[in-house]
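Reader: Please give me a close look at the salt bridges in this model. Then set them in their surroundings.

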Amino acid sequence: MLTSLQNPLVKQIRKLHSAKERRKQELCLLEGTHLLEEACAVNYPLVTVCCTADWQATHGELWEMVCQRCDRSEIVSPEVMSAIATTVQPDGVVATAQRSDRVGQIDFTGLLLAVETLQDPGNLGTMIRTAAAAGASGLYLSDDCVDLDNPKVLRASAGQWFRLPMAVSEDLKVTINQAKTAGMQVVGTLPSAELTYWQIDWRKPSVILLGNEGAGLSAELAAMADVSVKIPLSPGVESLNVAIAAALLLYEAQRQNGEFSPP
């Protein structure tokens, strides 16, 4: 059992709390039983798994599975677990896995999200979870968004981080132009828009543009939209949380497409 906070492995994993170290080590942190189960379900490459003795005693089958799939497995003391986890009350297991830069291209089809300068990891994780639930084709991020492998992003995604196609765009304007060339409708989200989000035709393949939590979409990206929509708000309410806004648009699009019609 690892009990020392000075152990080299413990020090290495603690460094992964930093985005700079995650990029340097090419590793990310998976915290908690549910994320570990989801990683195993899609055969995501694990490197190291650490758990407490109590966790091992209650998750014997999962422990045996991850031991076969990772390079190294260790039982650690509760003190070490608290040190290597980013959560205040870890549930007893932390793993490291190969980092995925997600640099590439998602097919321009169906329903896509394109997100600019998003900073809150909880918002991004919630957006990933919602997009997967709504059957979206994928999600593009500008390269100045919060890191996709931020531990809070993974936790807030409730495991859908492993399942939703995602890519970081080096230039989101270029990506949007590619979507247009492929025949997709580009939908901007602006509080000044004349149309509400249910007044447009979502049956066309569409890209939803979403902006920064405080500033919204940049003028350059907003100008690229084929149509802009707003979400009606009661007097005195300035805006909605960006992840909630994404959910409303995604589900209206899927409603119009009959994706969730009752049998």
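Author: A salt bridge here is a side-chain nitrogen of Lys or Arg within 4 Å of a carboxyl oxygen of Asp or Glu. The model is predicted. By that rule, the count comes to 11 salt bridges.

Start with Arg203 and Asp201. How far apart are the closest N and O atoms of this pair? They are 3.0 Å apart. That is within the 4 Å limit, so the pair qualifies. Are the two partners buried or exposed? Exposed means over 50% relative accessible area, and buried means under 20%. Arg203 has 58% relative accessibility, so it counts as exposed. Asp201 has a relative accessible area of 26%, so it is partly exposed.

Next, Asp147 and Arg23. Their side chains meet in a salt bridge, at 3.0 Å from N to O. Asp147 lies in the loop between strand 6 (138–142) and helix 8 (151–156), while Arg23 lies in helix 2 (residues 19–25), so the pair ties together parts that are 124 residues apart in sequence. Arg23 is partly exposed, because its relative accessible area is 39%.

This pair has company. Which residues are linked with Asp147 and Arg23 in a network of salt bridges? The others are Arg22, Arg99 and Asp149. The network thus has three arginines and two aspartates, Arg22, Arg23 and Arg99 with Asp147 and Asp149.

Now a bridge inside one helix. The side chains of Glu252 and Arg255 meet at 2.8 Å, N to O. Both residues lie in helix 11. They are 3 residues apart, about one turn of the helix. What does accessibility say about each partner? Glu252 counts as buried, because its relative accessibility is 9%. Arg255 is exposed, because its relative accessible area is 53%. So this bridge joins a buried glutamate to an exposed arginine.

Stay with helix 11, which spans residues 242–256. Leu248 has its place in this helix. Its relative accessible area is 31%, so Leu248 is partly exposed. Patch residues need over 30% relative accessible area, so Leu248 passes that limit. Which residues make the nonpolar surface patch with Leu248? They are Leu233, Val237, Leu240 and Ile244. The patch covers about 370 Å².

The loops carry some backbone features. For background, most residues other than glycine have a negative phi. Thr117 has a positive value, with phi near 55°. This threonine lies in the loop between strand 5 (111–115) and helix 7 (121–133). Ala158 also has a positive phi, of about 55°, although it is not a glycine. The alanine is found in the loop between helix 8 and strand 7 (166–169). Helix 8 also borders the loop that holds Asp147. At 17% relative accessibility, Ala158 falls under the 20% limit, so it counts as buried.

Another loop residue is Leu217. Its place is between strand 10 (206–210) and helix 10 (219–222). Leu217 is buried, because its relative accessible area is 11%. The C-alpha atoms of Leu217 and Glu116 are separated by 6.9 Å. Along the chain, these two residues are 101 residues apart.

Met224 gives two further distances. Asn177, in helix 9 (residues 172–181), is 47 residues from Met224 along the chain. Their C-alpha atoms are separated by 8.2 Å. Asn177 has 42% relative accessibility, so it counts as partly exposed. Lys15, in helix 1 (residues 8–15), is 209 residues from Met224. There the C-alpha separation is 40 Å. Lys15 counts as partly exposed, because its relative accessibility is 45%.

Last, a helix pair. Two packed helices are described by the angle between their axes and the distance between the axes. Helix 3 (residues 33–41) packs with helix 5 (residues 60–69) at an angle of about 55°. Their axes are 11 Å apart. That angle makes helix 3 oblique to helix 5. What is the handedness of the crossing of helix 3 and helix 5? It is left-handed.

Notes: Residues numbered from 1 in each chain as written. Predicted model: local features only at pLDDT ≥ 70, side-chain atom pairs only at ≥ 80, totals over all residues. Heavy atoms only, no water. Patch = residues over 30% accessible without salt bridge, like charges linked within 9 Å, V, L, I, M, F, W, Y side chains within 5 Å. Areas by Shrake-Rupley, 256 points an atom, 1.4 Å probe, with all protein chains shown as cover. Helix = DSSP H or I, 4+ residues; strand = E, 2+ residues; numbered from the N terminus. Buried < 20%, exposed > 50% of the residue type's maximum accessible area, 1.4 Å probe, protein only. Axes fitted to C-alpha atoms, helices over the stretch in contact; angles between N-to-C directions. Parallel < 35°, antiparallel > 145°, perpendicular 65-115°, else oblique. Left-handed = near helix turned anticlockwise from the far one by under 90°.
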